[in-house]
Structure formats: C-alpha cells, structure tokens
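Colleague: I'm new to this, so could you take a close look at just one part for me? I'd like to hear about any empty space shut up inside the protein.

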Amino acid sequence: MSEKQGVSRRDFVGKTAAAVASFVIVPRFVLGGKRPDGSRYLAPSDVISLGFIGTGKQGKGLGTSFLNTNEARIVAISEVYKDKAGAFLDRVKGHYEKNTQLGAYTDIPVYTDFRQLLARKDIDAVVIATPDHWHAAMAVRAAEAGKDIYCEKPLSLTVKEGRAMVDAARKYKRVFQTGSMQRSWPEFRQTAELIRNGYIGEVKSIKVNVGPPPTPYNLPGEVVPEGLDWDRWLGPNAPVVFNSELAPPLSKDVFPNWRNYREFGGGMVTDWGAHMFDIVQWSLNMDDSGPVEVIAPDGKEHPFLTYKYANGVTMTHEKWDWSNAIHFIGTEGEIKVQRRKIETTPVSLATKVIGETEKQVYRSDNHYKDFLDAMRNRSKPICDVEIGHRTASVCNIGNIAYQLKRPLQWNPKKEQFKNDAEANALLGRPMTNEWGIRL
C-alpha cells in the first residue's frame, strides 16, 4: 500500500471516528425512538410546526395541550391584545424550561395581522382560538394558504359560514379538526356506542341541558385598554363600542362573555351546546345530517325548544337535574352523561364492554394527537370540519327559531329552511369588505 493510500485511509478512519463521536452526543429526542415511559421521541423532521391565532384563556390551554403531546412546536402567534400575547409566550417558555427534551426555547414572533402568520412557509397548521365571529374568515384563508386547521368550537357563527369552511377545507385538501374534544373522552364514546348498538332500545327522546340563547349586544361603552387593537378584534363585524366583558384584562382570569351576544356568539346554545348537541349527533349517527324540524317554545304543546329528526327522535333544549349534560331515553333503558360522569339504566351498561363485532365509533384518546396523526396520514380526524359544521348548524338553527319565535322546517341536505325567506336570511350575515368571505 502506498503512503498516499495509507494517508487516505488514516484520514478516512479519523473522519469516521469523529462522525461517530458527534452522533453519540446528539440529544436523544433528535434521533427518534422511545422514552423510558414508552412514548415516542420524534426526530425534528416529524415535529409539527403550529401557528396560534388567538392566545387568550382558551388559547393558553390549547397551547399546553399541544405541547404536552411532545409532537408539536409553536413557531408563531397572532394576537390583537398585547398583554395576552405576552402571557401566552411566558407560558410556552416555561413549558420548554420544564421539558428540556423538547429542545431549547426560541423567540416566537407575534403578529397582529394573522395573514402575516399564514404567509410563513414554516408553519404546517394553525390553531384558531378566537371569538366565533372570526372563525370562518380565518379558517377559509388558512385553507387557501395551504395550512391544516384546528379550530375551536362552535365551528361557525352562521350556517353559511360553516359550509364555507367545509368547502375551503375540501377544495385545498386540508386536514381540519374541530375542537369538540369530548369525542376523545371515554364516557361520551361509551354513550355513542351503547346507543348505536341498541342497548337502550329505540331512542325516543333526548333532553339537552345547556344555557340560554344569545341576546343583541347592549353593553355600555368603555375606554379601550392600551395594547388592544379593537378594530382588529372586531374584524369582519360592524363597529360597536368596547366593553371589557368582551375582552377582559389579564387581572380577571375568566372566560370572556362575548359568547352571550348575537353579534359574536350563539349564547350557551352554541357554547355548551356545541359539545352536548355534538354527542347527540354522534350517537344518532347523524354526523352528515341533522334534524328536520325545530320548534320554538310556545308555552303550550312545546314548552321547550324542540328538534325533530326524520327517524322520529325528539330532542328538547331544557333544564333537568344535571347541568351541561344529556339524558337519552329509550324503549329499554336510559343514559345520563356529562363530563366525567355517566349513569345508565340498566346500571351495567355504564361499564359494558362493546364487542369487536359490534358497531364501534372512531376511537381517539387525545384530541390533539389525533389531529397531528391525521395530518401525517392525510386522513380525517375524529371531529372533521363537516362534523363540526353539522353540530354548529343544529345550534344555529335553534337560535334562529328562538329569535323568530315560531316552528321551522329544515332541510339538512340543502341546508335551507322550507318556504321561509325570513329564516333563510339568518343563515348568513353581513361581513366587512376587508375580512368578509363568499357565503
């Protein structure tokens, strides 16, 4: 062997040893594999980059939920209230300090215009946690920008906005998860599977206890706090005076009350209703449809808001013993369910194990991981945009019946009321030129 060849070999061996040494000291989370508890480490190429739009009280919780999957990082946020953006960033930074396996925290840019966030090529998906009046305007633009979407419930303020979100997600082939996380909770999955397999016989009636419908905005004006861009908070809506009930300061650790006013939300009918009516739709296998009639309370035959399905099931929006809960009444049994609690008649149904050959619903144990998994697989998650839209529609047509104070015939296929121009006019709403979308 020549000296030249020997030198080349020594160089090769030396470089190989150096490469091996550098490989050994790379942090474990970079290489993939499993942690001691059995959960997976992910290589950086498999960690999903998220942009958060809206970082108030709900957004903060969602940030923690996604970071806790150890499968996502937050790379940018959009927020119109400076103090809330700062609090969100502090929370994210603290999470990285406590969870060093995620890598080092890097500064996260803040945009007051969410379109700047959507323009970033390094963002895989957006999480929308804004008031409801913004959902459709943001989600449609996010789909157009090629982002997958996680959007809080209720999905939309109006039926037409919900359909626009579905159409955009389908057109641009986006994975879209609605934030109806109860579908990833065991007591609600048990409820759906018991009902679909006939364990309480034929369902005859359902009582849903959630709060009241919205009222028109009527709060007095207050001084807009420093650091809040009120015009951007309003976005697609007509101008109204600011009141801190809509956007409370950080000193009040409460959920804001914009949801109580028709211009911004659908009251408790869409807030808690988007959870509980959603479980009814799931249990009845109505994820692509809905009721055919909604009857406003008349003080006579119908003391409560009443929905009727084509299969004969009747559902009422009424108070009963449990708050924010559902009571299914069948020919052979009953189910009462709310968060973390299920009671059945017969009692044994609560813990009944559904057999492999029986009807089973989509199983998810973590709503946030389910979204990330669906992104990787390019599949529909447990609460796809169509499902979220159909549930929001149930809530929204109920609010229209409350507003008009009369019975309405609904065509869930055409998504229109039958022979009722006044009711159909309420399926959409005016939006500003800058932020509006085609409805």
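Modeller: Sure, let's go through the cavities one by one.

First, a word on what you're looking at. This is a predicted model, in which local features need pLDDT of at least 70, side-chain atom pairs count only at pLDDT 80 or more, and totals for chains, interfaces and linings use all residues. Residues are numbered from 1 along each chain as its sequence is written, and side-chain values use heavy atoms, with hydrogens and water left out. The pLDDT (the predictor's confidence in each residue, from 0 to 100) averages 92 for the protein, and 90% of the residues score at least 70. Be wary of residues 1-31, though: pLDDT stays under 50 there, and the model gives that stretch 14 contacts (heavy atoms within 4.5 Å) beyond four places in sequence.

Now for the empty space. Searching the whole structure turns up two cavities of 30 Å³ or more. A cavity here is a set of points on a 1 Å grid over the protein atoms alone where a 1.4 Å probe fits but cannot get out, and a lining residue has an atom within 4 Å of a point. Volume is the space filled by probe spheres set on the points, which are joined across faces, edges and corners.

The largest cavity comes to about 50 Å³. Around it you'll find Ser289, Gly290 and Pro291, then Arg390, Ser393, Val394 and Ile397, and finally Trp410, Pro412 and Glu415. Helix 13, residues 385-404, gives the most to this lining, with four residues. (Helices are DSSP runs of H or I, at least four residues, numbered from the N terminus.) By type, the lining has five nonpolar, three polar and two charged residues. Ala, Val, Leu, Ile, Met, Phe, Trp, Tyr, Cys and Pro count as nonpolar, Asp, Glu, Lys and Arg as charged, and the others, Gly among them, as polar. The two charged ones are Arg390 and Glu415.

The second largest cavity has a volume of about 30 Å³. Lining this one are Lys60, Gly63, Thr64, Leu67, Phe88, Arg91 and Val92. Two helices, helix 3 (57-67) and helix 4 (82-98), each supply at least two of those residues. Helix 3 has the largest share, four residues. Sorted by type, this lining holds three nonpolar, two polar and two charged residues. Here the charged pair is Lys60 and Arg91, while Leu67, Phe88 and Val92 are the nonpolar ones.

Definitions and conventions:
On a 1 Å grid over the protein atoms alone, a cavity is a set of points where a 1.4 Å probe fits but cannot get out, and a pocket is an open set with protein on both sides within 12 Å along at least five of seven lines; lining residues have an atom within 4 Å of a point.
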